[in-house]
Every structure is written in C-alpha cells, then in structure tokens.
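Colleague: Please take me closely through the strands of this model. Follow them to whatever else they lead to.

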Amino acid sequence: MASKTDGSITPGAIVPSSHLAEVRYEIRGALTRRARDMEAAGQEIIKLNIGNLSRYGFETPPNLRGAIASHLHESEGYGHEQGLEMARDAIAAQQRARGARHVDPERIFIGNGVSELIDISLRALLQSDDEVLLPSPDYPLWSAATILNGGRPRYYRCTAANGHLPDPDEVEALITPRTRALVLINPNNPTGAVYPPALLERLVAVAARHRLLLLCDEIYDQILYDDAVFQPLAAVSAELPCISFGGLSKVHRACGYRVGWMSLSGDPRLTSAYRDALQLLAALRLCANVTAQWAVIPALQDAPTIGGLTAPGGRLHDARQAVIDGVARSDYLDMVIPGGALYAFPHIRASRIASFDDNAFALRLLEEESVLVVPGSSFNVAASRHIRLTLLPQPAQLREVFVRMERVLARMADKLPLRPVAAVA
Ligand SMILES: Cc1ncc(COP(=O)(O)O)c(C=O)c1O
C-alpha cells in the first residue's frame, strides 16, 4: 500500500479507498500468491483453492461452444443492457418451470458472471449502513459487495453441528430496522449444504414478516450428489420479492465465458422501482459480453450434461467419495458430507488439536507438502477450524492430498516447528 515497511508514508503515494479496508478475497489471496512463487521456483503444487473447472480438465459442452461460434458475427455490437432476448426467454422458461411467479424477460438480467450481478443487486438496494443477512461461512464476494455498497454484513451461523444449515430463529433475531435483505447460498459454497424445503419455508416466512428482499445464489443448482434435491427458492417465496441467481460457470463448466443471470420473481408491484434501478445500473455498463450469452440458449434448452459427472462413476462423484474416505480414515478430521456444489469443508476435531489455527495450517500444508487449500476463516467465520477443498482434482490426487494433510496435522499435533522447504529457499 502507500506505507513503506517502516510504517512511514511515501510522499505522493496513491492511497487506495478506505472502503476496501474490510474487503478480502483469500481464494485468490496471499496463500495463492505464495503458491505462484513456489511454482515459479519449479515446485509442483496441488491446487484445491478455486472452483475453476477447466483448469482440471473439465470441458464446456460442445453445444455451448458451437452456439458461440455460429453467432460470432452477431456479437460485434453492444447488446441489450439486460441481455440477449433469446437468452432471457430461455432463463424465463427455466424459472417458470421451477414454479417462480411473475417471471418475465423484463425482470431478468444477464451479467458478466453472477459476480457482477451480486454487486449490481446490492448497489441498487442499499443505503449507507443498511444491513444484509449473510451466511457464515459465506462466499466472500457477498460480504465484499455488501461492504463496498455501503452496507453492513450481519452473519447468521451455519455450523457443522447443525449440518451447516441456518437456524431461522437465529436469522430472525439478527433483524433490525436497518435490515434489507436475506442472502441464501443453496447449494452452498463453501460447505456443500443443500437446504431442505421445510427450512426454506421457514426462512421465507422470516423474510415475509420483516419485508426483506430474498437474494438466493443458486449457481450450483444442478450439482447434487446421492439423493440430494434442489429446491428453487422462488417456488417457495411465491409473491415475495426474490432474486434467483444462476449461471454458466459451474453447472455448464464455462467459468471463462463470464455469464450469469438473475431473475426477479414475486409481486411486481413491490419491486417496480427496484427493477428500474437494476436496469439503470445494467445500462450504465452498457451490456454484458454478448459473444458468450449465446451459450445460455443451448445450456438451458438442450439435455443437461452435469449428471454424468455427479452420478456414481462420474468424476465429481468419485472425487467427493475420495474426500469422504480421506476424512473417514483421518485421525484428525471430521466433516458434514457435502450434498451439492464443488467443495468439501472438513474441520479439525478439537479433541485432536486443541488450539488449531486454520491459516497456520494452510501455510504449513503449502510450504511443507505443496498443497494449496483455503482456510475456513476466509469465508467470514471467526476462529474457524475448517479448511475448504475443491472436488476438482482427480480422485487419485485427492487421496494423495489426504496423505499429505495427515502428515502436517500429525506434526502440528506434536507441535513440531515448520520444516524448511529446500526447493523454495
Ligand atoms: C456461491 C457463488 N456465487 C457466485 C460465484 C461467482 O460466479 P460467476 O463465475 O458466475 O461470477 C461463485 C464462484 O465461485 C460462487 O461460488
């Protein structure tokens, strides 16, 4: 930043905005930068830090690629600020089929990934010091976008003891006159929890009692394991204002296309001014990347392809099984088995290592065993005993990761000092 290492300020140095003081994104933070340095020095790192499927050999389905290629010549001008009409029609059809009420292409917005739309949805909503109910752990962009738009995160806990599910009574107890929205992430990143319909009904009732906007990040909606069933929130929230977020990045293995959407459902009279604010913000950035939006149409209209990866024998299924087996064999780890999404969120049992520091563990795992994971505290959980792993490497590599983690945990349990790493020194 602007200060030198001795704490003094370099005259004329550019000072970044103080709004960023509480904003972090450790998924691409200091540990990842350290891993890059180690790689540059010739070390091979097993990376389990980011849900970027193509880096692990997952491919975008050919019908999506084909749609982009065949419409390239139609993608050279700015498009509609809310997104291609044909793509919004396909999203509207999907949302209606799921039971969402008052769905209309005029209430759908396509963005450069769900990431951009999270920011736009909160920017259109928040006044200074308004509060947003967020899960802890959360996907940290939700916290960051709340803070950057002048709001304040209020965290409801989703603890392992409760299967990483929210407690609606706790959610309601956090509500103040400044609370504007309730954010749900289902299926959840980082925990993999899939919320049962009865729980969603109770959360919707809380939102209804306090007139909150429901914001439901459903980007992992079709990534489900075993008998897990996804319940779209918009079907439960009925006439209540609700935004459902989805996209191409995960289910359709197209993170690099940068295409996401949000669909506003519920009684339109309650959200007409808010919808107009969303449109204004969408128009200010002209439009989302037009080229990649063509892929939305086959993604939603052709037969789904993710099931081949999540069903028994599929790569994600087998990777998740390797993680379940690794935790079961471990002397130190415990875990709520993920029902959906691309992650596992194991924790270190207090009976095995009493004072566990997740950041220190992640650093040791990287330095000593060349494995990159994300500490649980990166997801806005205080004093986390968790780490987050992605389910993207090959199952055999995940089995190797557990061997290495177990070695570091054994050394931590024995309180051995950090082992020097010859290749990096
Ligand atoms: C819960 C959640 N929401 C949103 C995003 C961002 O998705 P996109 O690639 O569409 O910007 C991610 C990415 O990992 C995520 O995990």
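Modeller: What follows starts at one strand and works outward.

The model is predicted. Start at strand S5, residues 179-185. Most of S5 is covered, with six of its seven residues buried. S5 has partners in two strands. One is strand S3, residues 131-136, which runs parallel to S5 and is joined to it by three bridges. One pair to pick out here is Val132 with Ala181, the latter in S5. The other partner is strand S6, residues 213-217. S5 and S6 also run parallel, with five bridges between them. Here Leu184 has Cys216 of S6 as its bridge partner. To get from S5 to S6, the chain passes through helix H7, residues 197-209. This β-α-β crossover is right-handed.

Stay with Cys216 for a moment. Its relative accessibility is 0%, so Cys216 counts as buried. Cys216 takes part in no disulfide. The nearest cysteine sulfur belongs to Cys242, at 6.3 Å. A disulfide would need the two sulfur atoms within 2.5 Å. Cys158 is also in no disulfide. For Cys158 the nearest cysteine sulfur is that of Cys216, 12 Å away. Cys158 is buried too, at a relative accessible area of 3%. The disulfide count for the model is zero.

S6 also leads to the ligand. Asp217 falls within the 213-217 range of S6, and Asp217 is among the closest residues around the ligand. The others named as closest are Val114, Ser115, Tyr220 and Ser249. In total, 13 residues surround the ligand. Three side chains can be followed to ligand oxygens. In Asn189, a side-chain N or O atom is 2.7 Å from an oxygen atom of the ligand. Ser249 likewise places a side-chain N or O atom 2.7 Å from a ligand oxygen. For Lys250, the distance from a polar side-chain atom to an oxygen atom of the ligand is 2.9 Å. On its own the ligand has 400 Å² of accessible area, and the protein covers 94% of that.

Now the antiparallel strands. Three of them make an open sheet, in the order S10-S14-S13. S10 (343-344) and S13 (374-375) are the edge strands, each pairing on one side only. S14 covers residues 387-390. Two bridges join S13 to S14. Val374 stands opposite Arg388, and Pro375 stands opposite Ile387. On the S10 side there are again two bridges to S14. There, Ala344 has Leu389 as its bridge partner in S14.

In a regular strand, side chains alternate between the two faces of the sheet. S14 is covered on both faces. Ile387 and Leu389 are buried on one side. Arg388 and Thr390 are buried on the other.

A second arginine is worth a look. Arg275 sits in helix H9, residues 272-284. Arg275 counts as buried because its relative accessibility is 13%, and the cut-off is under 20%. Its C-alpha atom is 33 Å from that of Gly339, which is 64 residues away along the chain.

Notes: Residues are numbered from 1 along each chain as its sequence is written. This is a predicted model: local features need pLDDT of at least 70, side-chain atom pairs count only at pLDDT 80 or more; totals for chains, interfaces and linings use all residues. Side-chain values use heavy atoms; hydrogens and water are left out. Buried means under 20% relative accessible area, exposed over 50%, partly exposed in between (1.4 Å probe, protein chains only). Helices (H or I, at least four residues) and strands (E, at least two) are DSSP runs, numbered from the N terminus. Two strands pair if DSSP finds at least two bridges between them. A crossover is right-handed if, with the strands pointing away from the viewer, the path from the first strand over the helix to the second runs clockwise. A residue is near a molecule or strand if one of its heavy atoms lies within 4 Å of it. A polar contact is a pair of N or O atoms within 3.5 Å; within protein, one must be able to donate a hydrogen and the other to accept it, and residues adjacent in sequence count only if both atoms are side-chain atoms. Accessible areas come from the Shrake-Rupley method with a 1.4 Å probe; for residues, only the protein chains shown count as cover.
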